[in-house]
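Trainee: Please choose one buried position here and look at it closely, then follow its kinds of contacts and pairings outward. I would like the cut-offs behind each term as you go.

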Amino acid sequence: MFLKGIREKFKHKSGIKFLKERLSKTPQSLYRSHGITSIGCIVDLDHFEKPELFFEFVDEFDLRPNAVKIIGYKSYYDNNSPYSTPVFSDKDLGWKGEIENSYALEFLSRDYDLLVNYYNEEKLLLQLMTVKTNARIKVGFQEVDRDLNDLILGTPFKDFKMFKLELKKYLRVLNEIE
C-alpha cells in the first residue's frame, strides 16, 4: 500500500515533467486544408454531465454523423459502471506521461481539425490528452494554461449554448466555416 502511493507520486511527477517538456517545444502542426470536417472533444465529466450535447456540432457545422469523437475524464470511475461516453481517469496515468487506457489511445490515434478542451481546471491527465492530440485548432477556456489552446473562450463553463455560439463566431472569423 505504501509503495503503491510512492509509485503513483512518481508517475505524477514524471507526467508533469513530460507536460512541461511538450509545452516548451513548438507544437507540430497538421497540414490539412481549411474547414472543419472532424472534431475531437475532451470533456471533464466531473463538472459537465451532458457530453451528448457535443453531437450538436454535427448539425451546427454540417458534418458527417461520425465526425465528432468525445472522450470523458472522471477523477475516479468504476469499470463496471455504464458510461455512454468512453472514459479515462487518474488511474490510467503511466510512466513518462503515457496514458494507459484503450479509449484514450483510440482517441489519440486520430487527427482532428478542431479539438474542444471542455474543462476549466488544470488536471494532469486532461492536459496530457490535450498535448498528445493531433489537431489543427485547439479551443479551450481561459482558466487553463494558455499554452494548451490556440483559441481561448471566456464563456461560462456551464453555459454550453453560449460556448457553441462563440466558437461558431470565431470559426467564421478564421474562415474555417461558412
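Mentor: K11 is buried, with a relative accessible area of 10%, where buried means under 20% relative accessible area, exposed over 50%, and partly exposed in between, with a 1.4 Å probe and protein chains only. Before going further, note that this is a predicted model, in which local features need pLDDT of at least 70 and side-chain atom pairs count only at pLDDT 80 or more, while totals for chains, interfaces and linings use all residues. Residues are numbered from 1 along each chain as its sequence is written, and side-chain values use heavy atoms, with hydrogens and water left out.

K11 sits in helix α1, which covers residues 2-24; helices (H or I, at least four residues) and strands (E, at least two) are DSSP runs, numbered from the N terminus. Setting aside residues up to four places away in sequence, K11 touches L93, G94 and W95, a contact being heavy atoms within 4.5 Å. S14 is also found in helix α1 and is buried, at a relative accessible area of 17%. With the same sequence neighbours set aside, S14 touches G94, W95, K96 and G97.

The side chain of K11 also meets that of E8 in a salt bridge (3.8 Å, N to O), the term requiring a side-chain nitrogen of Lys or Arg within 4 Å of a carboxyl oxygen of Asp or Glu. Side chains of opposite charge can pair when their charged atoms come close. K11 and E8 are three residues apart in helix α1, and therefore separated by about one helical turn. An α-helix has 3.6 residues a turn, so residues three or four places apart point the same way. E8, at 30% relative accessibility, counts as partly exposed.

The structure holds 13 salt bridges, and others are worth setting beside this one. K123 and E121 have side chains that meet at 3.8 Å, N to O; K123 is buried at 15% relative accessible area, whereas E121 is partly exposed at 34%. R136 pairs with E176, their closest N and O atoms being 2.9 Å apart. R136 lies in strand β5 and E176 in the segment after α5, so this pair ties together parts that are 40 residues apart in sequence. Both R136 and E176 are buried. Salt bridges that share partners also join D44, D46, K74, E121 and K123 into one network.

That leads to α5 itself, residues 160-173, whose 14 residues reach 20 Å from the first C-alpha to the last, close to the 20 Å expected at 1.5 Å a residue; the expected span is 1.5 Å times one less than the number of residues. In α5, F160, F163, K164, L167, K168 and L171 are buried. Seen down the axis of α5, these buried residues fall within an arc of 130°, so they line one face of the helix, the arc being that of the directions from the helix axis to the C-beta atoms. On the other side of α5, K161, L165 and V173 are exposed. The cover over the buried residues of α5 includes α2 (56-60), β4 (111-118), β5 (134-141) and β6 (151-153). Just after α5, N175 takes a positive phi of about 60°.
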